[in-house]
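I have opened a fresh notebook page for a structure that is new to me. My plan is to look up a few places one by one and write down what I find.

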Amino acid sequence: PLSLEELSFLLWATQGLRQKAEHRRFSLRTVPSGGARQPLESYIALFKVEALAPGLYRYLPFPHSLCFERDIPAMSDRLREACRGQVFASDCAALFIWSAIPYRTEYRYLTEAKKIILQDSGHACQNLYLAAEAIGCGVCAIGAYDQGKIDGLVGLDGRDEFVIYLASVGKRIIL
């Protein structure tokens, strides 16, 4: 299992708040975002994290806290199925699930928004890889998944908010 401190570090590294510019209505996070629009939301399916019950959580960057969203019956099996049978989607300590809210970027960048959102998700996942390495964990990014199934499991409408990237995290086992 991950410790609560390790999970906290990984969450901060992927979407944590560095600075809030009160007068300008934007925030700077630990990962770059085109125009500081921050179109990503972080959901985390927790399987093995000390002091936290398994279930789906959402990361809240401003208070740096987790919000319990809900229990997902048969979560392990359903996430594995949504990720096209990839075992590491559920055989991990935590599954990071990033969603995109396109409007946050579209209202400013119009035709460039899709590209910027994809870049932002790559930045978040790369930071997860770097932060996980620093604490002796492994990561496996997941780009192949059933869009409808994963959106449904997270509780997203698939239009105004949809899953864009996933990554499993766990302690590395040295053989």
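**Entry 1: the second helix.** I began with α2, whose buried residues pack against β3, β4, β6 and α5. Before going on, a reminder to myself: this is a predicted model. Which residues of α2 are buried? I found M75, L79 and A82. They span an arc of only 60 degrees around the axis, which puts them on the same side of α2. That fits a rule I keep on the inside cover: an α-helix has 3.6 residues a turn, so residues three or four places apart point the same way.

**Entry 2: the two ends of α2.** Next I looked at what stands on either side of this helix. A74 lies in the loop between β5 and α2. The phi of A74 is positive, near 55 degrees, although the residue is not a glycine. I noted A74 as partly exposed, because its relative accessible area is 48%. After α2 comes R84, and there too I read a positive phi, near 55 degrees. I stopped at these values because most residues other than glycine have a negative phi.

**Entry 3: the fifth helix.** I then turned to α5, which covers residues 147-154. Its buried residues are I150, D151, L153 and V154. How do they sit around the axis of α5? They fall within an arc of 160 degrees, so they line one face of the helix. For their packing partners I wrote down β3 (40-46), β4 (55-60), β5 (65-70), α2 (75-82), β6 (94-100) and β8 (162-171).

**Entry 4: the two ends of α5.** What caps the N-terminal end of α5? I found D146 there, with a side-chain oxygen 3.2 Å from the backbone nitrogen of G148. Past the other end, α5 is followed by G155, and the phi of G155 is positive, near 90 degrees.

**Entry 5: one residue of α5.** I picked I150, which is found in helix α5, for a longer look. I150 counts as buried because its relative accessibility is 0%. Setting aside neighbours within four places in sequence, I listed its contacts as L79, A82, Y145, V163 and L166. How far is I150 from A82? Along the sequence they are 68 residues apart, yet their C-alpha atoms are 5.5 Å apart in space. I was pleased to meet L79 and A82 again, as both are on my list of buried residues in α2.

**Entry 6: a pair of helices.** For this entry I looked up α1 (residues 4-15) and α4 (residues 113-134). They pack at an angle of about 145 degrees, and their axes are 8 Å apart. I noted the crossing of α1 and α4 as right-handed. Which residues meet here? From α1 there are F9, L10, A13, T14 and Q15, and from α4 there are A124, N127, L128, A131 and A132. Sorted by kind, the residues of this contact are seven nonpolar, three polar and no charged.

**Entry 7: just before α1.** S3 lies in the segment ahead of α1. Is S3 buried or exposed? S3 counts as buried, because its relative accessibility is 15% and the cut-off for buried is under 20%. Apart from neighbours within four places in sequence, S3 touches V49 and E50.

**Entry 8: a loop residue.** Q38 is found in the loop between β2 (26-29) and β3. Its phi is near 50 degrees, another positive value in a residue other than glycine. I entered Q38 as buried because its relative accessibility is 7%.

**Entry 9: a strand residue.** E69 is found in strand β5. With 30% relative accessibility, E69 counts as partly exposed. Leaving out neighbours within four places in sequence, E69 is in contact with Y43, L56, Y57 and R58. I also checked E69 against A124: they are 55 residues apart along the chain, and 21 Å separates their C-alpha atoms.

**Entry 10: last stop.** I finished at T111, in the loop between α3 (103-109) and α4. How much of T111 is accessible? Its relative accessible area is 72%, so I marked T111 as exposed. From T111 to A93 I counted 18 residues in sequence and 37 Å in space, C-alpha to C-alpha.

How values were computed
Residues numbered from 1 in each chain as written. Predicted model: local features only at pLDDT ≥ 70, side-chain atom pairs only at ≥ 80, totals over all residues. Heavy atoms only, no water. Buried < 20%, exposed > 50% of the residue type's maximum accessible area, 1.4 Å probe, protein only. Helix = DSSP H or I, 4+ residues; strand = E, 2+ residues; numbered from the N terminus. Arc of directions from axis to C-beta. Contact = heavy atoms within 4.5 Å. Polar contact = N/O pair within 3.5 Å; in protein donor to acceptor, adjacent residues only side chain to side chain. Axes fitted to C-alpha atoms, helices over the stretch in contact; angles between N-to-C directions. Left-handed = near helix turned anticlockwise from the far one by under 90°. Nonpolar A, V, L, I, M, F, W, Y, C, P; charged D, E, K, R; others polar.
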